[in-house]
Amino acid sequence: MGFKDVIQNDLEQTFFNEEEFADKHTWGDRVKRTITAIVDDDVLVEKYSSEFDLLPKGSHLVYASASQFLSKPKIGSVIFFDGATYTLDEMHEEMGMYALFFSRSTTR
């Protein structure tokens, strides 16, 4: 087992363990899939605390394993998370994990 395999295993068995940190969420519109993710809005508020008044209501910071996605989400795209419509504002990928910042979208 290589280092990347060990990291991926740690993500799935520890960080994205539903008994520890993660929860099931719905991703998609017409084709809905269940993903395991961590919604961390506390970090979101901390990161943007200097701009808190500008932080759109309903914004989320979500961590999810990249292996759960059919393709890499694109910044600016409309996404569907737990039945609501959002715009993907920012995304970072590191060691097999996505950090997705999205805000409530008025477009549908």
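This report covers the largest pocket and the strand pairing around β6 in a predicted model.

**Largest pocket**

The volume of the largest pocket is about 310 Å³. Its lining is made up of 14 residues, and those closest to the pocket centre are W27, G28, R33, F69 and S71. Sorted by class, eight of the lining residues are nonpolar, three are polar and three are charged. Strand β4, which spans residues 78–81, contributes the most to this lining, with three residues.

**Strand β6 and its partners**

Strand β6 covers residues 97–104, and seven of its eight residues are buried, so the strand is largely enclosed by the rest of the structure. Buried here means under 20% relative accessible area. Two pairings of β6 are listed below, with one pair of opposite residues for each.

| Partner of β6 | Sense | Bridges | Opposite residues |
|---|---|---|---|
| β3 (residues 60–65) | antiparallel | six bridges | S65 and M97 |
| β5 (residues 84–94) | antiparallel | eight bridges | E93 and Y98 |

On the β3 side, S65 faces M97 of β6, within a pairing of six bridges. On the β5 side, E93 is set opposite Y98 of β6, and eight bridges join these two strands.

Strands β5 and β6 also form a hairpin, with two residues between the strands. In this hairpin, M95 adopts a positive phi near 50°.

Terms used: Residues are numbered from 1 along each chain as its sequence is written. This is a predicted model: local features need pLDDT of at least 70, side-chain atom pairs count only at pLDDT 80 or more; totals for chains, interfaces and linings use all residues. Side-chain values use heavy atoms; hydrogens and water are left out. On a 1 Å grid over the protein atoms alone, a cavity is a set of points where a 1.4 Å probe fits but cannot get out, and a pocket is an open set with protein on both sides within 12 Å along at least five of seven lines; lining residues have an atom within 4 Å of a point. Grid points are joined across faces, edges and corners, and a volume is the space filled by probe spheres set on the points. Helices (H or I, at least four residues) and strands (E, at least two) are DSSP runs, numbered from the N terminus. Ala, Val, Leu, Ile, Met, Phe, Trp, Tyr, Cys and Pro count as nonpolar, Asp, Glu, Lys and Arg as charged, and the others, Gly among them, as polar. Buried means under 20% relative accessible area, exposed over 50%, partly exposed in between (1.4 Å probe, protein chains only). Two strands pair if DSSP finds at least two bridges between them.
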